[in-house]
Amino acid sequence: MPNPTKSKPKPADATEMTQLVTRARVRQFRKRRLFTMREFAYALGYHANYIRAVECGALPVSRIFATKFLKLEQDTYSKQIIQSRYILPREVLILAKARKCAGCKRSVILPYANQKYCDATCRARATKTKRKEVRQ
Ligand SMILES: [Zn+2]
């Protein structure tokens with residue numbers, strides 16, 4: 001039986017959801033997860049032609065597709081490892097893109113736009129190797 005305390009999603013949420021799932025986001029997710037068109041289609045329960053049509057804009061993002069896509073995205077990202085130097089609250093909205101540290105090449109979310117290294121050790125190591133490269 002459905003939980004009576006949980007309210008049903010309003011139609012406004014559904015519209016928002018289909019707007020949230022853009023074809024660029026679908027493609028980006030597929031490429032980043034290294035899914036082939038067929039694998040991605042299978043994971044979502046669609047035919048590859050349908051996904052292709054959505055990605056190139058021939059078909060609009062349906063509500064069902066958006067729901068399935070968001071679920072797959074959430075499942076995928078929930079398996080990812082997030083490490084933080086600070087205590088994280090239960091729910092966090094990250095407003096910056098993860099970038100690769102110029103030193104250790106790990107994906108990091110840096111506090112400053114011009115920051116290249118995740119910490120001082122990384123910077124020191126990177127500048128040392130740079131100096132070596134110059135000498136050769
Ligand atoms: Zn680093």
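T129 is found in helix α6 of the predicted model. With 11 other C-beta atoms within 10 Å, this threonine is exposed, since the exposed class covers residues with 12 or fewer such neighbours. Although 26 residues separate T129 from G103 along the chain, their C-alpha atoms lie 9.7 Å apart. R123 also has its place in helix α6, which spans residues 120-135. The side of the classification differs here: R123 is partly exposed, with 16 other C-beta atoms within 10 Å. The C-alpha atoms of R123 and C104 are separated by 9.1 Å, at a distance of 19 residues along the chain. When residues up to four places away in sequence are not counted, R123 touches G103 and Y117. G103 therefore appears twice in the description of α6, as a residue touched by R123 and as the partner of T129 in the C-alpha separation of 9.7 Å.The chain as a whole contains six helices and two strands. From the N terminus on, its elements follow the order α-α-α-α-α-β-β-α. Of the 136 residues in the chain, 9% are buried. Among contacts between residues at least 6 apart in sequence, 39% join residues at least 24 apart. The average pLDDT of the chain is 82, and 85% of the residues score at least 70. Confidence is lowest in helix α1 (residues 11-20), where the mean is 70, and highest in α4, where it is 92. Where pLDDT is low, the predicted coordinates should not be read in detail.

Helix α1 includes T18. This residue counts as partly exposed, with 17 C-beta neighbours inside 10 Å. T18 and S62 are 44 residues apart in sequence, yet their C-alpha atoms are 6.4 Å apart in space. Leaving aside neighbours within four places in sequence, T18 is in contact with V61, R63 and A66. One of these contacts, A66, also belongs to the largest nonpolar core.

That core has nine residues: V21, V26, F40, L44, I51, V54, F65, A66 and F69. Helices α3, α4 and α5 (63-78) each supply at least two of its residues. The largest share comes from α5, with three residues. L44, a member of the core, is in contact with K68, F69 and L72 once its neighbours within four places in sequence are left aside. Among these partners, F69 is itself listed in the core.

The packing of two helices is described by the angle between their axes and the distance between the axes. For helix α3 (residues 37-44) and helix α4 (residues 48-56), the angle is about 100° and the axes are 8 Å apart. Helix α3 is therefore roughly perpendicular to α4, as angles from 65 to 115 degrees fall in that class. On the α3 side the contact is made by M37, R38, F40 and A41, and on the α4 side by A48, Y50, I51 and R52. By class, this contact has six nonpolar, no polar and two charged residues. F40 and I51, which take part in the contact, are also members of the largest nonpolar core.

K105 lies in the loop between β1 (99-100) and β2 (107-108). Most residues other than glycine have a negative phi. In K105, by contrast, phi is near 65°, a positive value in a residue other than glycine. K105 is exposed, with 10 other C-beta atoms within 10 Å.

Note on methods
Residues numbered from 1 in each chain as written. Predicted model: local features only at pLDDT ≥ 70, side-chain atom pairs only at ≥ 80, totals over all residues. Axes fitted to C-alpha atoms, helices over the stretch in contact; angles between N-to-C directions. Helix = DSSP H or I, 4+ residues; strand = E, 2+ residues; numbered from the N terminus. Parallel < 35°, antiparallel > 145°, perpendicular 65-115°, else oblique. Contact = placed C-beta atoms within 7 Å. Nonpolar A, V, L, I, M, F, W, Y, C, P; charged D, E, K, R; others polar. Buried ≥ 20, exposed ≤ 12 C-beta atoms within 10 Å, placed from the backbone. Core = buried A, V, L, I, M, F, W, Y, C linked by C-beta atoms within 7 Å. pLDDT = per-residue confidence, 0-100.
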